[in-house]
Amino acid sequence: MKKVLKFFALASVTVAVAACSGNKQFGEPVPGIAQSSVDSASYALGVSMGMSLKQSGIEPLNLASLYEGIVDGAFGNDLKVSQAELPNIIQTYITRSNIAMADKKTREQDAFFAENAKKDSVQVTESGLQYKIIRQGNDSLRPAVSDTVTINYTGTLLDGTEFDSTRGGQPVTYPLGGFIRGWQEGLPLIGEGGRIVLWIPFSLAYGDRAMGPSIPKYSTLVFDVEILKVSPKQEK
């Protein structure tokens with residue numbers, strides 16, 4: 001709900017900027033502000049609004065009605081619904097949208113995992129994590145959740161879109177317990193020097209949270225991870 005409120009706060013700013021533009025619907029130009037600057041700023045705010053709206057997971061929307069609502073709210077026009085009803089209407093729609101999205105993503109994920117499990121060397125854990133060991137590594141140096149690992153990895157969505165990678169850059173060193181549950185379960189399956197591919201259901205990843213524009217909510221994640229070093233937790 002906070003993301004939604006942030007979006008509508010941004011929408012009010014956009015209308016205020018538009019009110020200073022040369023658009024006849026929003027009033028006269030303000031001296032000292034070039035029309036090109038107003039156009040660029042208006043577009044930039046529109047992009048920012050759109051990205052915030054996308055991350056909020058509210059879909060689908062009627063853009064004409066959205067625009068009409070912004071104008072009515074900004075200029076005190078007669079509202080088609082009472083102001084008191086607004087929070088409930090928005091929250092109800094968000095809830096229904098999330099339920100529909102979760103159902104769709106679950107069906108897509110289940111279909112993918114059913115086929116992926118048939119592939120050579122792909123194994124499945126009780127939690128639903130799927131993995132394929134490329135290189136076992138040193139069995140005596142398997143990481144515990146309390147250990148720190150130095151890793152190289154590439155992360156993609158199911159459609160192959162890469163959202164993050166350390167390859168070609170610097171490896172990451174971090175406590176294993178600070179990573180998502182899919183990593184906490186998957187990386188101990190190999191040792192230092194090992195390499196594994198993890199297919200992580202969204203229940204073991206970020207669930208109903210979007211992680212910026214690159215990882216939408218209810219995303220099934222694929223990671224190719226290599227453990228370069230395991231540093232056991234030092235007992236005090």
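**Close-ups of a predicted model**

**View 1. Serine 121 counts as partly exposed, because its relative accessibility is 40%.** This is a predicted model, and the first stop is a loop. Serine 121 sits between α4 (86-116) and β1 (123-124). Its phi is near 75°, so we have a positive value in a residue that isn't glycine. As a rule, most residues other than glycine have a negative phi.

**View 2. Aspartate 120 is exposed, with a relative accessible area of 65%.** Aspartate 120 also belongs to the loop between α4 and β1. Have a look at lysine 132 too: 12 residues separate it from aspartate 120 along the chain, and the two C-alpha atoms are 8.7 Å apart.

**View 3. Tyrosine 218 has a positive phi of about 60°, though it is no glycine.** You'll find tyrosine 218 in the loop between β6 (195-200) and β7 (221-231). Is this residue buried or exposed? At 11% relative accessible area, tyrosine 218 comes out as buried, because the cut-off for buried is under 20%.

**View 4. The largest nonpolar core brings together 24 residues.** Ile151, Trp183, Leu187, Ile200 and Phe223 are the ones with the most contacts inside this core. β3 (148-157), β6 and β7 each chip in at least two residues, and the largest share, five residues, is from β7. In soluble globular proteins, nonpolar side chains tend to be buried together.

**View 5. Isoleucine 151 and its contacts from elsewhere in the sequence.** Skip the neighbours within four places in sequence, and what does isoleucine 151 contact? The partners are Thr166, Pro171, Val172, Phe179, Trp183, Leu187, Val225, Glu226, Ile227 and Leu228.

**View 6. A second core, separate from the largest one, has five residues.** Among its members are Phe113, Val197, Trp199 and Val222.

**View 7. Stepping back, the protein has five helices and seven strands.** Follow the sequence and the order runs α-α-α-α-β-β-β-β-β-α-β-β. Of the 236 residues, 33% count as buried. Take the contacts between residues at least 6 apart in sequence: 66% of them link residues at least 24 apart. As for the surface, about 14,000 Å² is exposed, and carbon and sulfur atoms supply 56% of that area.

Definitions and conventions. Residues numbered from 1 in each chain as written. Predicted model: local features only at pLDDT ≥ 70, side-chain atom pairs only at ≥ 80, totals over all residues. Heavy atoms only, no water. Helix = DSSP H or I, 4+ residues; strand = E, 2+ residues; numbered from the N terminus. Buried < 20%, exposed > 50% of the residue type's maximum accessible area, 1.4 Å probe, protein only. Core = buried A, V, L, I, M, F, W, Y, C linked by side-chain atoms within 4.5 Å. Contact = heavy atoms within 4.5 Å. Areas by Shrake-Rupley, 256 points an atom, 1.4 Å probe, with all protein chains shown as cover.
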